[in-house]
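This report considers two topics in turn: the cysteines and one strand with its neighbours.

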Amino acid sequence: MSNVIHAYRGAILHSLADPAEVGIEASYAYFEDGILLVEDGKVREVGAAADLLPRLTGVAVHYYENALITPGFIDTHIHYPQTGMIGAYGEQLLDWLNTYTFPTEMRFADKAHASEVADVFIKEMLRNGTTTALVFGSVHKQSVDALFEAADALNLRMIAGKVLMDRNAPEALTDTVESGYADSRELIERWHGKGRLHYAVTPRFAPTSTPEQLAMAGRLLGEYPDLYLHTHLSENRQEIDWVKALFPENSGYLDVYDRHQLTGPRSVFAHAVHLCDAECERLAETGSAVAFCPTSNLFLGSGLFDLKRMEEHKVRVGLGTDIGAGTSFSQLRSLSEAYKIMQLQGQKLDPFKSLYLATLGSARALYLDERIGNFATGKDADFVVLDYQATPLIDYRLKQSSSLAERLFALITLGDDRVIKETFAAGRSVHRRDA
């Protein structure tokens, strides 16, 4: 018995490669009137409606007028326990952690609270068109259970881990080398590889882990070679000075992680705002990735991420919201702020590069580009429908646009959650704005 095929018709756009490597024109495929065929949660085919319609006898076609179908957005750095403190006022990184983050995360000792926040978090991501994310939990293992339970119920591709933190934090939020190892292993055995879920070993950042705990994190990665490593790197100058004081024997911030076997494929370092050339070279050499978090870097006054420099060193770059220092779950908002960050450095962010960063580029950063990120045959059918008439201003502005690039850029610049008409995960509708 054959599987049911679903056809989705509308304007369709997806990335094929990094514009920095192949040029803009070769980096994407666009169908003004296209069809996306989905079978058993996977992409079967994508192409022009004129070519595919004659072969679709008996297949129901879902038509989206005045809309653009793209791959689902991917968030390579976000803290789900911080959902309730988004928009907290007036601090830079280290004071912000002590004033807002740590008190908020203490509440996740309560599984019921963790489940409540996980539900809000997942719904917000889907409302904003995000179908995959690399997520910080809290130090409590039940925080990760709550998130994975919510994600698994919707068959989402999600990566998460419990925070490892055995110093320089409130006692209620610290673990030990031994308990951190035991809790992480228990979560790995329960969740890693279940459905579309993956586990990330998650030291908060170097200052809150002893060398012994960082070594333990490296040991976990050795014991389970397909795990992720998720942490922070060079976000704030005061933080960098603190790392130098705590680890005087290391040559720099990245070297702390590198010496503990925490760099490599599937290692994602959030922010990476203040790096030297040698650190960029080492990230590229080890296959590590960085998460560009525009709204967070601006909100906390951390600095301006140099995307061009990362491209020159061939470092994998994903896009992150970094909720709750980040100010929006919307990757459209992230890209709008990314454009401004580039402008402040005399650089340009092309809209097709933006599309790449939010989809295929982030999939590459997570080493998931064989499964998600575009509409290549056999990939998971994670996609979003963007509404060209989401607001009166967007509708009016797009009618003045004379090219696909102009329409895409205007949609990014003016868009937010209202643009997301529908979100699909593994071929299943998981959010309908107008339901």
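How many disulfides does a search of the whole structure find? In this predicted model, the search finds 0 disulfides. Cys-276 takes part in no disulfide, and the nearest cysteine sulfur, that of Cys-280, lies 7.0 Å away. A disulfide is a covalent bond between the sulfur atoms of two cysteines. For Cys-280, the closest cysteine sulfur is the one in Cys-276, and the 7.0 Å between them is too far for a bond, because a disulfide requires sulfur atoms within 2.5 Å. As to solvent accessibility, Cys-276 counts as partly exposed, at 38% relative accessibility, whereas Cys-280 is buried, with a relative accessible area of 0%.

The second topic is strand β10, which comprises residues 228–233. This strand is mostly covered, as 6 of its 6 residues are buried. Both faces of β10 are covered: one side carries Tyr-228, His-230 and His-232, the other Leu-229, Thr-231 and Leu-233, and all are buried.

β10 pairs with β9 and with β11, as tabulated below.

| Strand paired with β10 | Residues | Sense | Bridges | Residues standing opposite |
|---|---|---|---|---|
| β9 | 197–203 | parallel | 2 bridges | Val-201 and Leu-229 |
| β11 | 267–271 | parallel | 5 bridges | Phe-269 and Thr-231 |

The residues of β10 named in the table, Leu-229 and Thr-231, belong to one side of the strand. Helix α7, residues 211–223, forms a right-handed β-α-β unit together with β9 and β10.

Conventions. Residues numbered from 1 in each chain as written. Predicted model: local features only at pLDDT ≥ 70, side-chain atom pairs only at ≥ 80, totals over all residues. Heavy atoms only, no water. Buried < 20%, exposed > 50% of the residue type's maximum accessible area, 1.4 Å probe, protein only. Helix = DSSP H or I, 4+ residues; strand = E, 2+ residues; numbered from the N terminus. Pairing = 2+ DSSP bridges. Right-handed = clockwise from strand over helix to strand, strands pointing away.
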